[in-house]
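Here is my note on the model you sent. Please keep the structure open beside it and find each residue as you read.

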Amino acid sequence: MIHSDPLTLPDEAFLTRARAMCATKVPHPNRQAATAAMRRGSFNGTPYRCPICDSWHTTTYDRARSKQFSRRLSRLLRDTA
């Protein structure tokens, strides 16, 4: 069963899911490149810096949800380092 909302997962499962998501996303060198890729593909999303790979990705999460995801991920990465 695929869990549809990673934010509701326990910490370990959330971190595993976030790493898997990062591996499937296209890395961009900066915000401008991520934004340009979204425009080329007519993709409505938000660019964000990934704390796992330090590249830029895009998400369909709204800005508030994206920040919530990134903050939790950054905290977990910091706590496991």
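1. **Parts list.** Helices and strands here are DSSP runs, numbered from the N terminus; a helix needs at least four residues and a strand at least two. On that basis the chain has 3 helices and 2 strands. Start at the N terminus and walk along: the order is α-α-β-β-α. Keep in mind that this is a predicted model.

2. **Overall shape.** How does the chain compare with a compact globule of 81 residues? Such a globule would have a radius of gyration near 12 Å, and the chain has 13 Å, which agrees. The C-alpha trace spans about 35 × 30 × 20 Å along its principal axes.

3. **Inside and outside.** Of the 81 residues in the chain, 35% are buried. The accessible surface comes to about 5500 Å². Carbon and sulfur atoms own 52% of that surface. Now look at contacts between residues at least 6 apart in sequence: 52% of them join residues at least 24 apart.

4. **Helix α1, its length.** This helix has 14 residues. From its first C-alpha to its last it reaches 20 Å. That is close to the 20 Å expected at 1.5 Å a residue.

5. **Helix α1, its two sides.** Which residues of α1 are buried? They are F14, L15, A18, M21 and C22. Seen down the axis of α1, these buried residues fall within an arc of 125°, so they line one face of the helix. A general rule helps here. An α-helix has 3.6 residues a turn, so residues three or four places apart point the same way. Turn to the other side of α1 and you find E12, T16, A23 and T24 exposed. What do the buried residues of α1 pack against? Their partners are β2 (56-59) and α3.

6. **P6, a buried proline.** P6 sits in the segment before α1. Is P6 buried or exposed? Its relative accessible area is 1%, so P6 counts as buried. Leaving out residues up to four places away in sequence, P6 touches F14, R17, M21, Y61, F69 and R72. Two of these names, F14 and M21, appear among the buried residues of α1. Look also at Y61: 55 residues separate P6 from Y61 in sequence, yet their C-alpha atoms are 12 Å apart in space.

7. **Salt bridges, the long-range one.** How many salt bridges does the structure hold? The count is 5. One of them joins D5 to R65, with the closest N and O atoms 2.4 Å apart. D5 lies in the segment before α1 (11-24), while R65 belongs to helix α3 (residues 63-80), so this pair ties together parts that are 60 residues apart in sequence. Both ends are partly exposed: D5 has 21% relative accessibility, and R65 has 25%. The cut-off matters for D5, because buried means under 20%.

8. **Salt bridges, R49 and D54.** R49 forms a salt bridge with D54, and the closest N and O atoms are 3.1 Å apart. The two residues fall into separate classes. R49 is partly exposed, at 42% relative accessibility. D54 is exposed, at 52%.

9. **Salt bridges, one within a helix.** R75 and D79 meet through their side chains, 3.8 Å from N to O. Where do they lie? Both are in helix α3, 4 residues apart, which is about one turn of the helix. R75 is partly exposed, with a relative accessible area of 32%. D79 is exposed, at 52%. This pair also belongs to a wider set: D11, R72, R75 and D79 are linked in a network of salt bridges. R72 should ring a bell, as P6 touches R72 too.

10. **A33, a last stop.** A33 is part of helix α2 (residues 31-40). Its relative accessibility is 22%, so A33 counts as partly exposed. From A33 to H57 there are 24 residues in sequence and 9.5 Å in space, C-alpha to C-alpha. Find both residues in the viewer and compare the two separations.

Terms used: Residues numbered from 1 in each chain as written. Predicted model: local features only at pLDDT ≥ 70, side-chain atom pairs only at ≥ 80, totals over all residues. Heavy atoms only, no water. Salt bridge = Lys/Arg side-chain N within 4 Å of Asp/Glu carboxyl O. Buried < 20%, exposed > 50% of the residue type's maximum accessible area, 1.4 Å probe, protein only. Expected span 1.5 Å × (residues − 1). Arc of directions from axis to C-beta. Contact = heavy atoms within 4.5 Å. Rg over C-alpha atoms; globule rule 2.2 N^0.38 Å. Areas by Shrake-Rupley, 256 points an atom, 1.4 Å probe, with all protein chains shown as cover.
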